[in-house]
Amino acid sequence: MEGTEVVAINDANADDYLSSGFTLIDFYAPWCGHCQTFAPLFAEAAAELKARSDGTEKVVLATTDGTATESMKLHDTMRVKEYPAMRW
């Protein structure tokens with residue numbers, strides 16, 4: 001998410017994040033009202049996590065449009081069936 005500490009993840013960069021520490025992924029759909037309500041809270045949590053981190057732990061909060069073509073492999077691998085969905 002631009003302007004936040006939340007990382008945009010997709011099929012092209014997923015392996016980089018998933019292999020480098022702990023990654024919590026928020027799968028959303030643009031039309032989902034619950035997803036829209038949750039997005040700023042997730043961004044706030046990412047900022048708080050960064051503020052409290054001393055840099056020794058690699059914890060990433062990431063988000064992806066589960067309906068986008070560039071995220072379908074990740075979506076299928078994580079077995080997402082509804083939105084919003086979280087995977088650790």
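**Reading the labels on rings and a pocket**

Q: Why does Phe38 count as partly exposed in this predicted model?
A: Its relative accessibility is 25%. Partly exposed covers what lies between the 20% and 50% cut-offs, so Phe38 gets that label.

Q: And what makes Phe42 count as buried?
A: Phe42 comes in at 3% relative accessibility. Buried means under 20%, so Phe42 qualifies.

Q: Why is the pairing of Phe38 and Phe42 called tilted?
A: The ring centres sit 5.3 Å apart, with 35° between the planes. Stacked needs under 30 degrees and edge-to-face needs over 60, so 35° leaves tilted. Both residues lie in helix H2, four residues apart, or about one turn of the helix.

Q: How many aromatic pairs turn up in the whole structure?
A: Three. Another of them is Trp31 with Tyr83.

Q: What makes the Trp31 and Tyr83 pair edge-to-face?
A: The planes are 90° apart, and edge-to-face asks for over 60, so the label follows. The centres are 6.1 Å apart, and the limit for a pair is 6.5 Å.

Q: How do you know that this pair links distant parts of the chain?
A: Trp31 is in the loop between strand S2 and helix H2, while Tyr83 is in the loop between helix H3 and strand S4, 52 residues apart.

Q: Is Trp31 buried or exposed, and why?
A: Exposed: its relative accessibility is 63%, and exposed means over 50%.

Q: Which element gives the most to the lining of the largest pocket?
A: H2, with four residues. The pocket has a volume of about 290 Å³, and its lining has six nonpolar, one polar and five charged residues.

Methods:
Residues are numbered from 1 along each chain as its sequence is written. This is a predicted model: local features need pLDDT of at least 70, side-chain atom pairs count only at pLDDT 80 or more; totals for chains, interfaces and linings use all residues. Side-chain values use heavy atoms; hydrogens and water are left out. Rings of Phe, Tyr and Trp (its six-membered ring) pair if their centres lie within 6.5 Å; planes under 30 degrees apart count as stacked, over 60 as edge-to-face and the rest as tilted. Helices (H or I, at least four residues) and strands (E, at least two) are DSSP runs, numbered from the N terminus. Buried means under 20% relative accessible area, exposed over 50%, partly exposed in between (1.4 Å probe, protein chains only). On a 1 Å grid over the protein atoms alone, a cavity is a set of points where a 1.4 Å probe fits but cannot get out, and a pocket is an open set with protein on both sides within 12 Å along at least five of seven lines; lining residues have an atom within 4 Å of a point. Grid points are joined across faces, edges and corners, and a volume is the space filled by probe spheres set on the points. Ala, Val, Leu, Ile, Met, Phe, Trp, Tyr, Cys and Pro count as nonpolar, Asp, Glu, Lys and Arg as charged, and the others, Gly among them, as polar.
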